[in-house]
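Hi everyone, thanks for coming. I have one structure to walk you through today, so let's put it on the screen.

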Amino acid sequence: MPLFVLPCLIFYAGLVFVPVLVSVYSSLLDWNGIGESRFVGIDNYIRLFTADPVFWPSVRRTLVLAVLSMGLQLPFALFVAILLNRFIRRPNFLVSSYFLPVILSVVIIGQLWKTIYNPTSLGGMLNQLLTAIGAGDLTRAWLTDPDVAIYAIYFVALWQYIGYHVLIQFTGIRNIPADIYEAARIDGAEGLKADRYITLPLIVPIFKISMVLAFIGSLQSFDLIMVMTGGGPAHATDVISTHMYNMSFLSMKYGYGSAIAVFLVGLCLVATLAINFLFGKLDKRYS
């Protein structure tokens, strides 16, 4: 049996572990990605943690997006999934509708919302709506105002992927045997009681999957930000991945960009282990 697994293991190692090791080695170099490299040890990491004015704000924005994904997006997705399962007789169309933004190109999503956020008379659907309802004081240059640009992107990111988590959690709820709900109904547990004592405990493993995917996806957020703002204005919407891209390919500091990439990989690993540990405790509580 190990011989049959070996080709897949070699392929996986070459696809995942080898690039990580190469990035770790590259992070110890002063290298532009093309010319000769110079070994500098941990100097890139020292500079990253102590002398980079963009790095820590980008980490904070990335973690805020991750917290919003777990604290707002996932509970709302679970709520929608429960409602669809309980009140909609044929929910497949609605689930597909929620999932539609996930399968659209990020470029399409980004351009669509850039038009909605456009503050000029050529677009500006959001500002026009605010003005029409008498809330003109709330109009903003949504993507060029450093104070609000990142929150505008947060909203789009949460909107785009909420259908993904609705689908995951709805599928998990549908896989709960109906006999359990029938038995609970006989004992007088319906509605919120059934959700509290049946749905939520049994959906924990599926919810853990959603949480890991949401957290890791937030840490790796890149494409939407590059389409909508490119990290601007004045680095106000930079996250870890966009800062890594800018350092590696625009500033031609490949070694320094590799140090950012290693930090991001480590953060993803720590987050995954922490979530698995917390849900392991939760599984023991409900088992």
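Let me start with a question: which residues form a nonpolar patch on the surface? The answer is L3, F4, V5, L6, L9 and I10, and together they have about 670 Å² of accessible area. One of them, L9, lies in helix 1, which covers residues 2-26. Before we go further, please keep in mind that this is a predicted model.

Now the overall picture. The protein chain has 13 helices and two strands. Along the principal axes, its C-alpha atoms fill a box of roughly 75 × 65 × 30 Å. There are 287 residues in the protein chain, and 40% of them count as buried. The chain exposes about 16700 Å², with carbon and sulfur atoms supplying 69% of that area. If you take the contacts between residues at least 6 apart in sequence, 68% join residues at least 24 apart.

Let's move inside. The largest nonpolar core has 37 residues. Those with the most contacts inside this core are M211, F215, L219, I240, F263 and I275. Which elements give two or more residues to this core? They are helix 3, helix 7 (149-174), helix 10, helix 12 and helix 13 (254-286). Helix 3 provides the largest share, eleven residues. For a view from one side chain, click on F215: leaving out residues up to four places away in sequence, F215 touches L63, A66, M70, A271 and I275. Apart from this core lies another one, of 21 residues, and W113, A152, Y154 and L224 are among them.

Staying with the buried parts, I'd like to show you two serines. The first stop is S218, in helix 10, which spans residues 204-219. Is S218 buried or exposed? S218 is buried, because its relative accessible area is 5%, and the cut-off for buried is under 20%. Its side chain reaches the backbone oxygen of A214 at 2.7 Å. Beyond residues up to four places away in sequence, S218 touches T62, L65, A66 and S69. You may remember A66 from the list of residues that F215 touches.

The next stop is S241, which is placed in helix 12. S241 has 4% relative accessibility, so it counts as buried. What does the side chain of S241 reach? It reaches the backbone oxygen of S221, at 2.2 Å. Setting aside neighbours within four places in sequence, S241 is in contact with Q220, S221 and F222.

S241 has buried company in helix 12, residues 240-250: I240, T242, H243, N246, M247 and S248 are buried there too. I240 also appeared among the core residues with the most contacts. Helix 12 is followed by M252, whose phi is positive, near 60°.

Let's finish with charges. How many salt bridges does the count come to? The count is three, and we can visit each of them.

We can begin with D195 and R86, where the closest N and O atoms are 1.9 Å apart. D195 lies in helix 9 (residues 192-202) and R86 in helix 3 (residues 55-87), so this pair ties together parts that are 109 residues apart in sequence. How accessible are the two partners? D195 counts as buried, at 11% relative accessibility, while R86, at 36%, counts as partly exposed. Helix 3, you'll recall, is also where the largest share of the 37-residue core comes from.

Then there is R185 with E182, whose closest N and O atoms are 3.0 Å apart. Both residues lie in helix 8 (residues 178-186), three residues apart, about one turn of the helix. As a reminder, an α-helix has 3.6 residues a turn, so residues three or four places apart point the same way. R185 is partly exposed, with 39% relative accessibility, and E182 is partly exposed as well, with 43%.

The remaining salt bridge joins D30 and R38, with the closest N and O atoms 3.1 Å apart. D30 counts as partly exposed, at 41% relative accessibility.

That's my tour. Thanks for listening, and I'm happy to go back to any view you'd like.

Key:
Residues numbered from 1 in each chain as written. Predicted model: local features only at pLDDT ≥ 70, side-chain atom pairs only at ≥ 80, totals over all residues. Heavy atoms only, no water. Salt bridge = Lys/Arg side-chain N within 4 Å of Asp/Glu carboxyl O. Buried < 20%, exposed > 50% of the residue type's maximum accessible area, 1.4 Å probe, protein only. Helix = DSSP H or I, 4+ residues; strand = E, 2+ residues; numbered from the N terminus. Patch = residues over 30% accessible without salt bridge, like charges linked within 9 Å, V, L, I, M, F, W, Y side chains within 5 Å. Areas by Shrake-Rupley, 256 points an atom, 1.4 Å probe, with all protein chains shown as cover. Polar contact = N/O pair within 3.5 Å; in protein donor to acceptor, adjacent residues only side chain to side chain. Contact = heavy atoms within 4.5 Å. Core = buried A, V, L, I, M, F, W, Y, C linked by side-chain atoms within 4.5 Å.
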